[in-house]
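This report looks at how the chains of a protein assembly meet, and at a few unusual points along the backbone. The sequence and the structure come before the discussion.

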Number of protein chains: 4
Amino acid sequence: MQPREPGPGRREERTAWGTFANPQAGALNYVTAADRVAAAGSVRHGTVFTLGIGIFDPRGDPLSADRPKAMLMHYRDWSHYQAGRCEPLPGGVASVDDGVFVSSHGTTHIDALGHIIADGVMWDGHDAAEASVRLTWASVAPLGNAGVFGRAVLADVARYRGEDPLDRRHHVTLAELLATLAAQGTEARPGDVVLLRTGSLRRYYESGAEEYFRDYSEPGLSYEPELIDWFADGRISGLGSDTLANELPESPTIDAGYPLHRYLLRNLGVLFHEALWLEDLAAHCAADHRWEGLYIAAPLKIIGGSASPVNPLFVK
Amino acid sequence: MQPREPGPGRREERTAWGTFANPQAGALNYVTAADRVAAAGSVRHGTVFTLGIGIFDPRGDPLSADRPKAMLMHYRDWSHYQAGRCEPLPGGVASVDDGVFVSSHGTTHIDALGHIIADGVMWDGHDAAEASVRLTWASVAPLGNAGVFGRAVLADVARYRGEDPLDRRHHVTLAELLATLAAQGTEARPGDVVLLRTGSLRRYYESGAEEYFRDYSEPGLSYEPELIDWFADGRISGLGSDTLANELPESPTIDAGYPLHRYLLRNLGVLFHEALWLEDLAAHCAADHRWEGLYIAAPLKIIGGSASPVNPLFVK
Amino acid sequence: MQPREPGPGRREERTAWGTFANPQAGALNYVTAADRVAAAGSVRHGTVFTLGIGIFDPRGDPLSADRPKAMLMHYRDWSHYQAGRCEPLPGGVASVDDGVFVSSHGTTHIDALGHIIADGVMWDGHDAAEASVRLTWASVAPLGNAGVFGRAVLADVARYRGEDPLDRRHHVTLAELLATLAAQGTEARPGDVVLLRTGSLRRYYESGAEEYFRDYSEPGLSYEPELIDWFADGRISGLGSDTLANELPESPTIDAGYPLHRYLLRNLGVLFHEALWLEDLAAHCAADHRWEGLYIAAPLKIIGGSASPVNPLFVK
Amino acid sequence: MQPREPGPGRREERTAWGTFANPQAGALNYVTAADRVAAAGSVRHGTVFTLGIGIFDPRGDPLSADRPKAMLMHYRDWSHYQAGRCEPLPGGVASVDDGVFVSSHGTTHIDALGHIIADGVMWDGHDAAEASVRLTWASVAPLGNAGVFGRAVLADVARYRGEDPLDRRHHVTLAELLATLAAQGTEARPGDVVLLRTGSLRRYYESGAEEYFRDYSEPGLSYEPELIDWFADGRISGLGSDTLANELPESPTIDAGYPLHRYLLRNLGVLFHEALWLEDLAAHCAADHRWEGLYIAAPLKIIGGSASPVNPLFVK
C-alpha cells in the first residue's frame, strides 16, 4: 500500500491510485486492525468529546451563501394534537415526527473521495463520467460502510502561535504544523487523522455570518510539495480542522483554488473532515497535555452522495 | 441515579424522571466513565461493523408510506461542467456538491427522548407544550452532545429460535430475551445497549416494500411489567433492533399502540436505536461466540429535532 | 408559421421547428391577438371553472410512485405563537408562513417544451446538451412569459361513448375525437387548446392510488400519422386532458412509449396541459350544450424548469 | 354583501365578517358575473402582460433572508442519459423531470385570507386554532377554487409623482392614490383589483438583494381610517403592488407593523397580490392611456397553505 510514484500521463503528481485493497475507502486503508485496537486501548478516562456543530444553531449555521440552509420539516408535533389534527394511539402514545434537509457540505461533514475532479479524472483515476449526477464511484457510502475508527492527533496551531483565532489569511506551513506537534510532544503516526485547530469556527459564532463571509478567507494549510509527501509518506488517513474547507481558499504558493482538495483528497485519498468543533477538546488537551486519542466518525451511507454530515467523537 | 418509585399522579407508572444529572441525555447517564474505558478495552481484533442501512438503496429504503422519501438534491456535478454551466477553479479543481433530505425516522436513527408524549407529558415530566413545533426539551441535540459510547450486547433471537426472520407477529417476551442471552452465554450489564436481532430488515430487502408493508407488523418486544422493571433495574441505556419501530406495533398484552415507546423511552429515558443492520454482525458473533462489543453512535446535533439518522459502529 | 415539411436528417418526422417568431413559446405562436380578443369576447355568463386539482387532497394526490409527494413546510403558524416561540408585531398582527415542495409533473401542470428529448435533440432542433441540469432552452419560463390565453374546446369522449370513465386501455382515435366534436356540434380552430375528458382523474379519487396505479394505464390518444397532421394542419396550440400523461402510456399503434410527447410536444411544439379536473366543466357543457370557452393558464416562470404547476381557468 | 358596521367586542374595527355567501373567498364575492363578462369584454387588442417574476432569476429572487430560497430538484435530465443512468423509452423518448420548492410568500403570490391573525382571531371571526399547523379555515385553496377573474385598475404612483422608484419610505396616502387615479382619468369600481406601482421591484433587480434589504423599507399605502372605508365602501376585491408586502412595513400613522394586513386582509377579506412585475404593463398603459383591463390570477389549490405563487395576467 505504498503510494506509487507518479507515472507518465499523471502530470508528475504523486497519487495513491491503484494501491489500495479497498479503493473506495481511500487512505482509510492505512488504518490497520492493530491501529484500531491500539487506539481503543488508548482510552484512559472515558471522556468523550463530540465534534459536530449544531444544526439550526440560533446564532446561525456556518455555510456559504450559495448553499441552501438546513430546514426542519415538521410532520407532526404537539400542536397537531392540540388542534385535533390527529389523535394519540390507544394507550395514549402521541409522537413528534419530522424530516431534515441539510446541505451535505453545510455542517460538520466528511467529503466523499469523489467530491473532487481535476482534468476530468476522479479519485483512483476514474473518469469524471462517474460524477455525472449521483456519484457512481467513490461516493460517501463506501466511507460509511468502512467507518472511521482509529487514532487522531490534534495540532493546536492557534495555541502554539498564541494567536487565537489565527488570522484568516494565515498560512499554516508544514514547518509550523510540525513545530506545533513537536512543541506538544506529539507526532503523527501511520493511519492517523490529523486535526488542526485554528479557532475559526469559534470566530464564526462570535462574529456572525455577515462578518465571517465578508472578504472570506480561513487560515490553514496549503499546497507545498513537502506537505504532500509528508501525508503520503506518513500514511495519514485524514485531515480535519475547525474551518469550512480545511485549507486556505486561495493558495499563497501556487495559482490554484483549494489545491489540497486536489493533491491530498483526489490524489492521495486522504479523508477531509470539515467544520469540526475543536474548542472544548483543545482546552482539555492543553490541560492534560495529551493531544491524541480515539477518533470515530461514521458517515451516513448516502449512496451517490458527495459528503455526509457527521458528529465525530474524540475519546480520551 | 436509581429510578424512583412511581408517586401519586404518575398513574403508577415507573419512571426515571428527576433522577439524572444530565436529564436530557436520559439513560445515557447510566453509562459511567469506567464503563466507557472498559468497553474501549474490550476491543480485541479491531473489526468494525457499521450498522446503518443505505440511503437511496436501489432496492428501496424501508420507511412507511406516510413519511416522505429521502431526496438527494444535486447542486453541481460533472454534467454541469460538461454543459458549460460552471468552470473549474484555477488549478483545475472541479467539485460535486449536493444536499440531502431525509425523514428523521426513515432510516437508521436514534429517537429523541422528546419524540413521545403521553397524557400531555414528555420525558422527565415536562409539559408537552415543549413539543409544539421544534422540541425545546429533550430534542435529539443533547443526545448528540453526549454521544453514545459504551458496551452493547446482541441478543440474536432469530438464531436462538431457529426462525429467521422471526414471524412478523412474533412476540419476543422477556423470558425469551433472557433465554437467548443465556444460551449465548451473555448478559446485559448496567449502561448497556441491548440489541435484538429479528431478521426483519433483511426480509424488507428480500421481499420489497409492498410486501413488507402489506398488513404490516414486525416481531419484537412488547409491554410486560417485568420487562419494564428489567430495563429500569438493569440500568439499560438503550434498545436497538433490526426493525423500524423496536417493538410489536400492536401489543399482545395491553390495549395500546407502541407501548414501549411510552414505558421505556418516555418513562425511563431509554434510547431507541431503530432500523439497525445486524445481519453481518450477527453472523460474526455466531462464528466467534462473542455477542458483545464496543458500540458507538453519534446523533447529529439537530436542535429541536425528534430523531437523527445515525450509522452506529460495533467494534470487536 | 406553416409547419414545414420534414427535411433530410429529420427522420421523415413532421416538425414545426424553425417556423415560429417566438420559438420557445412553441405552438402558442398560433394564437393570434385576434384569437385572444375573440376568446375574451366569447364570455357570456361570467361562469368560471378552475381546472387545477388540489394539492394535499385528503384522498391522496395522483402522482406516480417515482416522484416525491408534495410537502408543506410550516415556517410559522398559530401554534408557534401559543407556544411562545414568536410574538405578534406591534398592533397585534400575527402571521402564518410556509413553503411548498411539489413535483413539477405531480399535480395539474403544463410541460415545458424542453421536457422531451429524442435522438439527442430537443424542441426546435436544439441539442440535448441544453437539457443537462437546468433547461437552458425551452424551459417552462418562456411559457410563463407568454401566458396561455385563448379559446379551448372540450371533447367529452367519456360522455360521447357512454362509458364514464373510459376503460383505462381505451385508445381514443382521431376518428373518435372528431366524432365526439361533431356530435357536440363543435370544432377545433387554429390556436385552440383541445381538451379531452376521459373520466380518469375522477376514477383516481374514487378508487384510490393503489388501485389506480396497479397495472397502470390511462385512456387517451396515441400515435396516428393522421392525428399528427390534424394537430399540425389545424394549428392546435395545446392538448389537455384529465389524465396524468395526456396519452396512452403504451401505444397500440407503434412500438413506443408516450409517442405523442415526441410527435406533438417535441416535434410540433404543442403544449401539454396535464391532470386537469374536467368533471364540473363537462357537466356544465352537457347542460348548456356549449363545449367551448375562454381558457387561461399561467405557468410560473420557473427558469430552467421542466414543467410548472398551474390552475387553469375555463370561462364561459 | 354590504360590510357591516363594527359591533361591540369587535374593538370598533370595521369588518366584512359574516357578510359573504362564500366566506372563504372573501372580497372576491364582490366580483359579480356581470363584472366578469364586462371585464372580458374590455379586451380590445389581445395584448397579454404576465405579472409574475422569475423563479431562479440569475440576479437573485427577492425574498427576505428568513425565508428559504427556492430550489429546483433535478430528478432526471439529459446528463442522466449520457451517463447511462437511465434509458430512453422504446421509440426514443427521453424526458427531463424535476420538483420545485418555493417559499409561498417568496415570489409573486396571493395571500390566503387565513394568513393573518390578530387578537387570536382570523378572517371572518374564526378562532386562530384553525391556523395551528395547516390552515383549516381560509387557506389559499378556496381562492384557487374561485379563481380571480375581473377588472383591475393600475395606479402608477411612481409615474404620477415623477419619482421612479418611489423613495422606500414614501407613504402613498389615500389622497395620493385618488389623485393618481384621477390624473390618469381612471377610477376604481366595485369588484376591482387595485394595482399600485412604486418601482420597487425594479429597484431590487437593479440594486441587488444586499442593498435592497439593508435598512429595509418599501413605499406603499398604510393605515388611514379613510383608506379602510374606501376599500370597504368601494367593494374593492384585491390590492396588488410591485412590493413584497403591499404596504409600508412600519406605519407612519399608528404604532403597528403591517397594519393593512389586519385592516384590509383580515378584517375586510381583501386579497393581497404581492410582488407583481408592473414595469412593462405600466409603460404600455402610459403609452395608450388605458390603465384598466382584464386581470386573471389562479392560486394553486394548496390545501392548508398560507399563500400560493401565481403568475397573474393583465389583458388589454
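Which residue in strand 4 of chain D is the bridge partner of C:Ser103? In this predicted model, that partner is D:Gly99. The pair belongs to a wider arrangement, since strand 4 of chain C and strand 4 of chain D, residues 97-103, run antiparallel to each other and are joined over five bridges.

**The interface of chains C and D**

The contact between these two chains involves 87 residues of chain C and 87 residues of chain D, and the area buried between them comes to about 6,600 Å², with carbon and sulfur atoms giving 61% of it. On the side of chain C, the residues that lose the most area to chain D are C:Trp78, C:Val96 and C:Lys301, which together make up 10% of what that side buries.

Polar interactions also cross this interface, where 41 residue pairs are found in polar contact, both residues having pLDDT 80 or more. The largest share of the chain C side that touches chain D comes from strand 4 of chain C (residues 97-103), which supplies seven residues. Taken by residue class, that side of chain C divides into 48 nonpolar, 27 polar and twelve charged residues. Two salt bridges are found across the interface of chain C and chain D, and one of them links D:Asp97 with C:Arg67, whose closest N and O atoms lie 2.7 Å apart.

**The relation of chains A and B**

Chain B can be laid on chain A by a turn of 180° with a shift of 0.0 Å along the axis, leaving an RMSD of 0.0 Å. The two copies are therefore related as by a two-fold rotation axis. Of the residues of chain B, B:Phe101 comes closest to that axis, its C-alpha being at 2.0 Å. The same surface serves both copies, as 100% of the contact residues of chain B recur in chain A.

**Backbone points to inspect**

Most residues other than glycine have a negative phi, and most peptide bonds are trans. The table lists two peptide bonds that are cis.

| Cis peptide bond | Omega | Place of the proline |
|---|---|---|
| A:Asp164 to A:Pro165 | near 5° | loop between helix 4 (157-161) and helix 5 (174-184) of chain A |
| B:Asp164 to B:Pro165 | about 5° | loop between helix 4 (157-161) and helix 5 (174-184) of chain B |

In chain C, C:Val133 has a positive phi of about 60° although it is not a glycine, and C:Val133 is placed in the loop between strand 6 (116-118) and helix 3 (141-146) of chain C.

Definitions and conventions: Residues are numbered from 1 along each chain as its sequence is written. Chains are lettered from A and ligands numbered from 1 in the order in which they are written. This is a predicted model: local features need pLDDT of at least 70, side-chain atom pairs count only at pLDDT 80 or more; totals for chains, interfaces and linings use all residues. Side-chain values use heavy atoms; hydrogens and water are left out. Contact means heavy atoms within 4.5 Å. Buried area is the accessible area (1.4 Å probe) that two parts lose on being put together, summed over both. A salt bridge is a side-chain nitrogen of Lys or Arg within 4 Å of a carboxyl oxygen of Asp or Glu. A polar contact is a pair of N or O atoms within 3.5 Å; within protein, one must be able to donate a hydrogen and the other to accept it, and residues adjacent in sequence count only if both atoms are side-chain atoms. Helices (H or I, at least four residues) and strands (E, at least two) are DSSP runs, numbered from the N terminus. Ala, Val, Leu, Ile, Met, Phe, Trp, Tyr, Cys and Pro count as nonpolar, Asp, Glu, Lys and Arg as charged, and the others, Gly among them, as polar. Two strands pair if DSSP finds at least two bridges between them. Copies are superposed by least squares on the C-alpha atoms of residues with pLDDT of at least 70 in both.
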